[in-house]
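This briefing goes through the helices of the model shown below, their packing, and a few single residues that a bench biochemist may wish to locate in the viewer.

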Amino acid sequence: MAEVKKSVESDNAKDILTKIENKSLKIESLIKQYKFIEAIKTALEGYPPRDERCKSANWIGVHKALMAIKDVEGMLRSLDPQYYDILMKYIYRGLSTGNRTTCDQCLKIHEKLTEKAGFGCILRSLADTVNTV
């Protein structure tokens, strides 16, 4: 019985990875068209998968979108508040990489996001241990 379940999870992960790959291609296309806000919205759509491989693949697309943002305040003005908490989770994931360029961008977004969404956004993103990115 355990083998059947593992096979189903493996197939599901393959489907999710395919969807993430398609989403990543769409993000790259939007960035090339200078549609950075649409790229970040696309990156944040859909809650992160549970599988670690899928989370890593999803992070790559989100990272590309985050790094492309030049006008952080404009991005936050056009972003629906429903995305604030998930964006904050990805900000912390970016900070955990230790990469200087990524951390600089994430800190810049963190500052503006905290001003816009308040400290509750930080608390909710850190307290939610079920839906990790």
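Against which helices do the buried residues of H5 pack? In this predicted model, the buried residues of H5 pack against H2, H3, H4, H6 and H7. The points below begin with H5 and the nonpolar core, and then turn to other helices and single residues.

**Helix H5**

- The buried residues of H5 are Tyr 84, Ile 86, Leu 87, Met 88, Lys 89, Tyr 90, Ile 91 and Gly 94, a list in which a lysine and a glycine stand beside nonpolar residues.
- With 13 residues at 1.5 Å a residue, H5 should span 18 Å, and the end C-alpha atoms of this helix are 19 Å apart, which agrees with that expectation.
- After H5 comes Gly 98, which has a positive phi near 80 degrees.

**The largest nonpolar core**

- The largest nonpolar core holds 28 residues, and those with the most contacts inside it are Leu 44, Leu 66, Met 75, Leu 76, Leu 79, Leu 87 and Tyr 90.
- At least two residues of this core come from each of H1, H2, H3 (52-68), H4 (72-78), H5 (84-96), H6 and H7, and H5 gives the most, with six residues.
- In soluble globular proteins, nonpolar side chains tend to be buried together.
- Leu 66, when its neighbours within four places in sequence are left aside, is in contact with Ile 40, Trp 59, Leu 87, Tyr 90, Ile 91, Gln 105 and Ile 109.

**Helices H6 and H7**

- The axes of H6 (residues 100-117) and H7 (residues 119-127) come within 6 Å and cross at roughly 110 degrees; because angles of 65 to 115 degrees count as roughly perpendicular, H6 and H7 are therefore described as roughly perpendicular to each other.
- On the H6 side the contact is made by His 110, Leu 113, Thr 114 and Ala 117, and on the H7 side by Phe 119, Cys 121 and Ile 122.
- Sorted by class, the contact of H6 with H7 has five nonpolar and two polar residues, with no charged residues.
- Thr 114, which lies in H6, has a relative accessible area of 14% and is therefore buried, the cut-off for that class being under 20%.
- Leaving aside neighbours within four places in sequence, Thr 114 is in contact with Met 88, Phe 119 and Ile 122.

**Helix H2 and the loop before it**

- Tyr 34 lies in the loop between H1 (2-32) and H2 (36-44), and Tyr 34 is exposed, with a relative accessible area of 65%.
- Although Tyr 34 is not a glycine, it has a positive phi of about 60 degrees. Most residues other than glycine have a negative phi.
- Within H2, the buried residues are Ala 39, Ile 40, Thr 42, Ala 43 and Leu 44, whereas Glu 38, also placed in H2, is partly exposed, with a relative accessible area of 42%.
- Glu 38 and Met 67 are 29 residues apart along the chain, and their C-alpha atoms are separated by 13 Å.
- H2 is followed by Gly 46, whose phi is positive, near 75 degrees.

**A residue of helix H3**

- Ser 56 lies in H3 and, at 34% relative accessibility, counts as partly exposed.
- The C-alpha atoms of Ser 56 and Ile 40 are separated by 17 Å, with the two residues 16 residues apart along the chain.

Definitions and conventions
Residues numbered from 1 in each chain as written. Predicted model: local features only at pLDDT ≥ 70, side-chain atom pairs only at ≥ 80, totals over all residues. Heavy atoms only, no water. Axes fitted to C-alpha atoms, helices over the stretch in contact; angles between N-to-C directions. Helix = DSSP H or I, 4+ residues; strand = E, 2+ residues; numbered from the N terminus. Parallel < 35°, antiparallel > 145°, perpendicular 65-115°, else oblique. Contact = heavy atoms within 4.5 Å. Nonpolar A, V, L, I, M, F, W, Y, C, P; charged D, E, K, R; others polar. Buried < 20%, exposed > 50% of the residue type's maximum accessible area, 1.4 Å probe, protein only. Core = buried A, V, L, I, M, F, W, Y, C linked by side-chain atoms within 4.5 Å. Expected span 1.5 Å × (residues − 1).
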